[in-house]
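Okay, thanks for squeezing me in. I'll put the structure up and then talk through a few parts of it.

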Amino acid sequence: MLLQTRDLAVHFGGVKALDGVDLAVDRGEVVGLIGPNGAGKTTFIDAVTGFVPHRGEVLLDGVDIAPQPAYRRAGRGVIRTFQQLELYNDLSVMENLLVSRRGARSEHHERVHRLLDRYGLHEVKDSFPEDLSHGRQRLVSLARALASDPRLVLLDEPAAGLDSKESLGLADPVRGLARDGAGVLLIDHDVDLVLSVCDRVYVLDFGKVIFAGPAADISGSDAVRTAYLGVPA
Ligand SMILES: Nc1ncnc2c1ncn2[C@@H]1O[C@H](COP(=O)(O)OP(=O)(O)OP(=O)(O)O)[C@@H](O)[C@H]1O
């Protein structure tokens, strides 16, 4: 298994943002993580990437990386995106992709050009992010995450701010990450996107996993319905 967390826990004072989370993502797989506001989804990404102190194990290919700081985890190919677009606005689209190198320079250049082609960004490679539509900026952000040749990609609301058509346009690029051999964890409030892209889904509520299984089974879960609607089915 590429990623496996065991009993992962994060407390902020008295708030149990994560409370004993066991979650797994294999390579070539897109796994969804959904849940109501404040359920702990972003905190999960923060913990796996080393952005927040936590308890429990974070196994990457069986090795516990929990003792390692964020930069070492990134160096092992654990890459995240942020809810806010963290693009470098003074760099062109191509430069944004070139700066996230992991590995040999020539391979990286080839990879960046492949990504520009694949995501229809070649024609804007010399533009600055601010001059692009929000949808295109999201693609640049995804492509930049890919450019570093990640083993595990953690996507935090890549469809935020997109309309439903643009949002479903992310489905292919996200699946492309998995086809390239990475493991992908996708957080998004667009449940249609998550269910259409993901092989398996976890649902968090108050820091605990309340559902884990195939996306198709989610609509039958009373626990999920109660978490989202606040009332028993
Ligand atoms: N730095 C922090 N300090 C204190 N409490 C925090 C901090 N970050 C998150 N929390 C709390 O931890 C819980 C989980 O928050 P988190 O942002 O992980 O939820 P989320 O599922 O990503 O929510 P959303 O869907 O709204 O982005 C919430 O109760 C939140 O208020």
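**Ligand shell, sheet and core**

So, the ligand first: β2 and α1, which spans 41-49, each put at least two residues into the shell around it. Keep in mind that this is a predicted model. The largest share of that shell is three residues, and it comes from α1. If you want to click through them, the residues around the ligand are Phe12, Val15, Ala17, Gly35, Asn37, Gly38, Ala39, Gly40, Lys41, Thr42 and Thr43. By character, that's six polar, four nonpolar and one charged.

Okay, on to the sheet. It's an open one with four strands, antiparallel pairing, in the order β2-β1-β4-β5. At the edges you've got β2, residues 15-25, and β5, residues 63-64, and each of those pairs on one side only. Further in, β1 (residues 3-12) and β4 (residues 55-60) run antiparallel and are joined by five bridges. If you'd like a spot to look at there, Thr5 sits opposite Val58 in β4.

Last bit, the packing. The largest nonpolar core has 62 residues, and the ones with the most contacts inside it are Leu33, Ala143, Leu152, Val153, Val184 and Leu186. Which helix gives the largest share of this core? That's α5, residues 134-147, with seven residues. And where does the core lie relative to the domains? Domain 1 (3-77 + 150-229) and domain 2 (91-149) both contribute residues, so the core lies between them.

Let me zoom in on Ala143. Setting aside neighbours within four places in sequence, Ala143 is in contact with Leu97, Leu115, Tyr119 and Leu121.

That's it from me, happy to rotate things around.

Conventions:
Residues are numbered from 1 along each chain as its sequence is written. This is a predicted model: local features need pLDDT of at least 70, side-chain atom pairs count only at pLDDT 80 or more; totals for chains, interfaces and linings use all residues. Two strands pair if DSSP finds at least two bridges between them. A nonpolar core is a set of buried Ala, Val, Leu, Ile, Met, Phe, Trp, Tyr and Cys residues joined through C-beta atoms within 7 Å. A residue is buried if 20 or more other C-beta atoms lie within 10 Å of its own, exposed if 12 or fewer, and partly exposed in between; C-beta atoms are placed from the backbone. Domain bounds come from an automatic or database domain assignment. Two residues are in contact if their C-beta atoms, placed from the backbone, lie within 7 Å. A residue is near a molecule or strand if its C-beta atom, placed from the backbone, lies within 6 Å of it. Ala, Val, Leu, Ile, Met, Phe, Trp, Tyr, Cys and Pro count as nonpolar, Asp, Glu, Lys and Arg as charged, and the others, Gly among them, as polar.
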